[in-house]
Amino acid sequence: MTGTPLDTLGGLVLRLYDLGGPVVLFLAVVSIVTLTVVLYKLWQFRAAGVGRHRALRDAVAAWDRGDRGEAHRALDRSRSYLRPVVAMALAGSVDSARLDAEAEARFARLERGFRFLDGVAQLSPLVGLFGTVLGMIAAFQALQDAGSQVDPSLLAGGIWVALLTTAVGLAVAMPTQVVLSWLEARIDAERVLADRALRSILSPVGARPAPADAAGAPAHA
């Protein structure tokens, strides 16, 4: 008869505790929470359309050409989270400072959770090192209690647990730092795109009238 999932989870927790003590157990919990945050951020980026701004670029390019009708049609096709900001810029209803603030508010929502990931990447090795120190203290204490009847297995066991905690701390920190760096790079690219789009729309070049036709008269939509 197999045990319930709760029994299986309890057995896993006890095994982790026996394997590396409370430090390894704590790092295991941190790794689960970190994985949850990473999966949520990946879903959030995909749902927001991060990196998928083709229609938005087409709208800005059309505006630069002076084709305002095509700019609005291209913007209507966009599913980007930056679409409302660009729409306000095309309408000319707000100033540059307000547009920058609106864009930053959207970036801030995408950046939620970055501080947690950074904290995990920074602190996990230190937690592992703390476990190493505790393991070495336990090993030498056992060696002292043994007196002249020294059993090498006591010292080896403590050192093994101590090194295990360091390895687990690094195993949690390194992939977290890689993922965080990738997420931050995506956000930096989004900021560059948004700034370029808004500056193009607000610049005098973007606001120039429609080009003249072949006879020299202004072209009308």
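This report describes the fold, the nonpolar core, the enclosed and open spaces and a few individual residues of a predicted model.

**Overall fold**

The chain is built from seven helices and has zero strands, so that the order of elements from the N terminus onward reads α-α-α-α-α-α-α. Of its 221 residues, 32% count as buried. Among the contacts that join residues at least 6 apart in sequence, 73% link residues at least 24 apart.

**The nonpolar core**

In soluble globular proteins, nonpolar side chains tend to be buried together. In this model the largest nonpolar core comprises 34 residues, and those with the most contacts inside it are Phe-45, Tyr-81, Leu-82, Leu-110 and Ile-201. At least two residues of this core come from each of α1 (5–48), α2 (54–65), α3 (68–77), α4, α5 (96–110), α6 (114–146) and α7, and α7 gives the most, with eight residues.

Leu-110 can be followed further: when residues up to four places away in sequence are not counted, Leu-110 touches Lys-41, Gln-44, Phe-45, Ala-48, Val-50, Tyr-81 and Ile-187. Two of these partners, Phe-45 and Tyr-81, are also named among the core residues with the most contacts.

**Enclosed and open space**

Rolling a probe the size of a water molecule over the atoms shows where empty space is left. The structure holds one cavity of 30 Å³ or more, and the volume of the largest cavity is about 40 Å³. Its lining consists of Leu-56, Leu-82, Val-85, Val-86, Leu-193, Ala-194, Ala-197 and Leu-198, which divide into eight nonpolar, no polar and no charged residues. Both α4 (83–91) and α7 (152–202) supply at least two residues of this lining, and the largest share, four residues, comes from α7. On the α4 side, Val-85 and Val-86 are buried, as are Met-88, Ala-89 and Leu-90 of that helix. Just after α4, Gly-92 takes a positive phi of about 70 degrees.

The largest pocket contains about 170 Å³ of space. The residues lining the pocket are His-53, Leu-56, Arg-57, Val-60, Ala-189, Val-192, Leu-193, Arg-196, Ala-197 and Ser-200, and they divide into six nonpolar, two polar and two charged. Here α2 and α7 each supply at least two residues, with α7 again giving the most, six residues. Leu-56, Leu-193 and Ala-197 appear both in the lining of the cavity and in the lining of the pocket.

**Individual residues**

Which residues does Ser-80 contact, leaving aside its neighbours within four places in sequence? Ser-80, which lies in the loop between α3 and α4, is in contact with Ala-48, Arg-52, His-53 and Leu-56. A polar contact of 2.9 Å joins the side chains of Ser-80 and His-53, and His-53 is also one of the residues that line the largest pocket. Ser-80 counts as buried because its relative accessibility of 5% falls under the 20% cut-off.

Three further residues, each of them in a helix, can be considered together with a partner that is distant along the chain. Gly-21 is found in helix α1 and is buried, because its relative accessible area of 13% is under 20%. Leu-25 also lies in helix α1, but with a relative accessible area of 22% Leu-25 is partly exposed. Arg-57 is found in helix α2 and is partly exposed, with a relative accessible area of 47%; this residue belongs to the lining of the largest pocket, whereas its partner in the table, Ala-194, belongs to the lining of the largest cavity. The C-alpha to C-alpha separations of these pairs are set out below.

| Residue pair | Separation in sequence | C-alpha to C-alpha distance |
|---|---|---|
| Gly-21 and Val-161 | 140 residues | 7.9 Å |
| Leu-25 and Thr-165 | 140 residues | 9.6 Å |
| Arg-57 and Ala-194 | 137 residues | 10.0 Å |

Helix α7 recurs across these descriptions: α7 gives the most residues to the largest nonpolar core, supplies the largest share of the lining of the largest cavity and gives the most to the lining of the largest pocket.

Conventions:
Residues numbered from 1 in each chain as written. Predicted model: local features only at pLDDT ≥ 70, side-chain atom pairs only at ≥ 80, totals over all residues. Heavy atoms only, no water. 1 Å grid on protein atoms, 1.4 Å probe; cavity = no way out; pocket = protein on both sides within 12 Å on 5 of 7 lines; lining within 4 Å. Points joined across faces, edges and corners; volume = space filled by probe spheres on them. Nonpolar A, V, L, I, M, F, W, Y, C, P; charged D, E, K, R; others polar. Core = buried A, V, L, I, M, F, W, Y, C linked by side-chain atoms within 4.5 Å. Buried < 20%, exposed > 50% of the residue type's maximum accessible area, 1.4 Å probe, protein only. Contact = heavy atoms within 4.5 Å. Polar contact = N/O pair within 3.5 Å; in protein donor to acceptor, adjacent residues only side chain to side chain.
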